[in-house]
Amino acid sequence: MAFQPTPSDVSVLITTPTTSANSEPHFVTERRITPTWTVMQLKSKLETMTGIPPSSQRLKLKTPGCPDQWVDGDENLIGNWGLRKGCEIEVHDSRPSSARPNFHDLSSVEKYVLPAATYESLPNSVLAWKRHQQLGRFDPNVLSPYESARKQAEKDAEDIGSRGIAVSRRAIILPSSPPHIRRGIIRFVGPVPSIPYPGVETRDADSSALPIWVGIELDEPSGKNDGSVGGKRYFTCPNKTGIFVKPEKVEVGEFPPLGLDELEDETMEEI
């Protein structure tokens, strides 16, 4: 049965102390307390709020305009301590820190892991809905990862031919707009097994079926590498000037190297 407050109940704050002088209390709640409860009755109710066993609780009553006082005597009535509206009861834990359960450290909590076979058999899961709707891997027309990679390789080869992408040609990386135009020299064109492709073991796959990448040595140190990825080198350039992009992001043309005057202009526009 729900607790029914009476006119004699007093609304007070229940808090727990913090170890930092300027921090808020760890726990704050407002509750109605009956002054005719014994201290032990109150402690029993406070255990459900704070998790501190009654035998380990020390209660400090804070009354506005009055000195703080420790509440003792488990059989005494809590109302004997001058309880009134606006008071605060601070619940202290007398147990040593090592004996207190740490409810914030989840690493030691045993977690339930649903077996994959059990999840596959559930009739009301997201997976079951996808199966019914023939979505994702349940789509009869969906390509396997290796087929998808081969199709991407074919598209990349078409992009390279139509865009005139070749080693030693000047190029910019799209999208580019002044003053942020990254330009450089194409140093590599081909598959890069060091770059992963979803669902495909790229290091062991046939290189002819892998997507194609364009390695560019940039005029500025705005890249991500020195021409190597995953411990394998594909071309050589100063650190932070190398970058690998997809052919669709490359525009070949007569783009002159970035001169010092242009670099100064771009830098001024970015200040």
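In this predicted model, what covers the buried residues of helix H4 includes strand E7 and strand E8 (212-218). That helix is a convenient place to enter the structure. H4 has 19 residues, and the distance from its first C-alpha to its last is 26 Å, close to the 27 Å expected at 1.5 Å a residue. Its buried residues are Ala149, Ala153, Asp156, Asp159 and Ile160. Around the axis these residues cover an arc of only 125 degrees, which puts them on the same side of H4. An α-helix has 3.6 residues a turn, so residues three or four places apart point the same way. The face of H4 turned away from the buried side carries the exposed residues Lys151, Glu158, Gly161 and Ser162. After the helix comes glycine 164, whose phi is positive, near 70 degrees.

From this helix one may step back to the whole chain. The protein has 271 residues, of which 34% count as buried. Its secondary structure comes to five helices and twelve strands. Among contacts with a separation of 6 or more, 57% join residues 24 or more positions apart. The accessible surface comes to about 17,400 Å², and carbon and sulfur atoms account for 54% of that area.

Helix H1 offers a second example of a helix with a buried side. It spans residues 39-50, twelve residues in total, and reaches 16 Å from its first C-alpha to its last, close to the 16 Å expected at 1.5 Å a residue. The residues of H1 that are buried are Val39, Leu42, Lys43, Leu46 and Thr50. Viewed down the helix axis, they fall within an arc of 100 degrees, so they line one face of H1. Five strands pack against these buried residues: E1 (10-16), E2 (27-33), E3 (57-62), E4 (69-71) and E5 (88-93).

Leucine 46, which lies in H1, shows this packing at the level of one residue. With a relative accessible area of 1%, leucine 46 is buried, because the limit for that class is under 20%. Setting aside neighbours within four places in sequence, leucine 46 is in contact with Ile14, Gly51, Gln57, Leu59 and Val91. One of these partners, isoleucine 14, is 32 residues from leucine 46 in sequence, yet the two are 8.3 Å apart in space, C-alpha to C-alpha.

The two ends of H1 also deserve attention. Threonine 38 is found in the loop between E2 and H1, and at 16% relative accessibility it counts as buried. Not counting residues up to four places away in sequence, threonine 38 touches Asp74, Glu75, Asn76 and Leu77. Just after H1, glycine 51 takes a positive phi of about 80 degrees.

Backbone geometry is of interest elsewhere as well. Most residues other than glycine have a negative phi, and most peptide bonds are trans. Glutamine 134 has a positive phi, near 55 degrees, although it is not a glycine. It is found in the loop between H3 and helix H4 (145-163), and its relative accessibility of 46% makes it partly exposed. Serine 168 likewise is a residue other than glycine with a positive phi, near 80 degrees. Serine 168 lies in the loop between H4 and E6 and is exposed, with a relative accessible area of 53%. The peptide bond from leucine 174 to proline 175 is cis, with omega near -10 degrees. Proline 175 belongs to the loop between strand E6 (170-173) and strand E7 (183-191).

The surface is the last subject. Tyr112, Leu114, Tyr119 and Val126 make a nonpolar surface patch of about 420 Å². Of these residues, valine 126 is found in helix H3 (residues 126-133) and counts as exposed at 52% relative accessibility. Further along the chain, asparagine 239 is found in the loop between strand E10 (232-233) and strand E11 (242-245). Asparagine 239 is exposed, with a relative accessible area of 53%. Leaving aside neighbours within four places in sequence, asparagine 239 is in contact with Asn225 and Asp226. Its C-alpha is 8.0 Å from that of glycine 227, a residue twelve positions away in sequence.

Terms used. Residues are numbered from 1 along each chain as its sequence is written. This is a predicted model: local features need pLDDT of at least 70, side-chain atom pairs count only at pLDDT 80 or more; totals for chains, interfaces and linings use all residues. Side-chain values use heavy atoms; hydrogens and water are left out. Helices (H or I, at least four residues) and strands (E, at least two) are DSSP runs, numbered from the N terminus. The expected span of a helix is 1.5 Å times one less than its number of residues. Buried means under 20% relative accessible area, exposed over 50%, partly exposed in between (1.4 Å probe, protein chains only). The arc is that of the directions from the helix axis to the C-beta atoms. Contact means heavy atoms within 4.5 Å. Patches are made of residues with over 30% relative accessible area and no salt bridge: like charges are joined within 9 Å, nonpolar side chains (Val, Leu, Ile, Met, Phe, Trp, Tyr) within 5 Å. Accessible areas come from the Shrake-Rupley method with a 1.4 Å probe; for residues, only the protein chains shown count as cover. A salt bridge is a side-chain nitrogen of Lys or Arg within 4 Å of a carboxyl oxygen of Asp or Glu.
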